[in-house]
Amino acid sequence: MEQTRVAVQATDPLSHAGLAALLQFRGDVTVLRNAQRAEADVLVVAAERLSTEVVATLRRSNSETTAPVVLVVSEIDEADLLTAVECRVVAVLPRGAVSADRLAHSVKAAACGGGVLPPNLVGELLKHVERMQRDVLTPHGLNASGLTPREIDVLRLMADGFDTNEIAGKLCYSERTVKNVIYGVTHRLKLRNRSHAVAYALRAGMI
């Protein structure tokens, strides 16, 4: 049985002990000591709300480990949710609804690259994405991937093995334009070369 290593962090000892107790008797979860936090696959953090102090703690944790975070919290709004996402939070559990099964499900989902959000927070997050698309990306000719349609077209043809001259012919651009597009993508996304750009775009689902 594959083990998921979990570090628990809370603003008070009682919450810490309670969350650790919910997890430590499961055969597929190992609760780590505080000194082992850097080895965690998932970090479980409990707080009343996402205060400035809690956010600072999350950011410090981000510098110690790349583990995703399951946040157990009493109250959270849209602004807090966006801050939480920036701090690598992938699952949010209302404190009053925590059970051993729900906590374990959230931990496993986080470990596998998934996430868990209450329905009302999913709705708020989707509204924010819609507003960002409408007010920020669309006016600048971008989409949710951060690429323009022209950049996506060039990357797709690069992925299909076409060279600069062939891409220019297919898209009715000059070779200089294609080279500028490729340079713009690699420079903006801090990629090393064309192959790295194609691999990055494929891996991120941009093309």
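**Exercise 1. State the accessible surface of the chain and the share that belongs to carbon and sulfur atoms.**

Solution. The accessible surface of the chain is about 11700 Å². Carbon and sulfur atoms hold 53% of that surface. Accessible areas come from the Shrake-Rupley method with a 1.4 Å probe, and for residues only the protein chains shown count as cover.

The model is predicted: local features need pLDDT of at least 70, side-chain atom pairs count only at pLDDT 80 or more, and totals for chains, interfaces and linings use all residues. Residues are numbered from 1 along each chain as its sequence is written, and side-chain values use heavy atoms, with hydrogens and water left out.

**Exercise 2. Describe the chain as a whole: burial, contacts and elements.**

Solution. Start with burial. The chain has 207 residues, and 36% of them count as buried. Buried means under 20% relative accessible area, exposed means over 50%, and partly exposed lies in between (1.4 Å probe, protein chains only).

Next, contacts, meaning heavy atoms within 4.5 Å. Take the contacts with a separation of 6 or more: 63% of them join residues 24 or more positions apart.

Last, the elements. There are 9 helices and 5 strands in the chain. Helices (H or I, at least four residues) and strands (E, at least two) are DSSP runs, numbered from the N terminus. From the N terminus on, the order is β-α-β-β-α-β-α-β-α-α-α-α-α-α.

**Exercise 3. Work out the strand order of the sheet and place helices α1 and α2 against it.**

Solution. The sheet is open, with 5 strands in the order β2-β1-β3-β4-β5 and parallel pairing. Two strands pair if DSSP finds at least two bridges between them. At the edges are β2 (29-31) and β5 (89-94), each pairing on one side only. On average, neighbouring strands of this sheet are turned by 30 degrees against each other, direction ignored.

Now add the helices. Helix α1 (residues 13-24) lies across β1 (4-10), β2, β3 and β4, at about 165 degrees to β1. Helix α2 (residues 52-64) lies across β1, β3, β4 and β5, at about 170 degrees to β3. Axes are lines fitted to C-alpha atoms, for helices over the stretch in contact, and angles run from 0 to 180 degrees between N-to-C directions.

**Exercise 4. Follow strand β3 to its partner β4, then examine R49.**

Solution. Strand β3 (residues 42-49) runs parallel to strand β4 (residues 69-75), and 6 bridges join them. V45 stands opposite L71 in β4.

R49 is found in β3. Is R49 buried, exposed or partly exposed? R49 has a relative accessible area of 48%, so R49 is partly exposed. Leaving aside neighbours within four places in sequence, R49 is in contact with V54, V73 and E75. R49 and L71 lie 22 residues apart in sequence, and their C-alpha atoms are 9.8 Å apart.

**Exercise 5. Classify the crossings of α6 with α9 and of α7 with α8.**

Solution. Use these classes: under 35 degrees is roughly parallel, over 145 roughly antiparallel, 65 to 115 roughly perpendicular, and the rest oblique.

Helix α6 (residues 149-159) and helix α9 (residues 194-203) have axes that come within 10 Å and cross at roughly 105 degrees. Therefore α6 is roughly perpendicular to α9. L155, M158 and A159 in α6 meet R194, A197, V198 and A201 in α9.

Helix α7 (residues 164-171) packs against helix α8 (residues 175-188) at about 110 degrees, with axes 8 Å apart. So α7 and α8 are also roughly perpendicular to each other. T164, N165, I167 and A168 of α7 make the contact with E175, V178 and K179 of α8.
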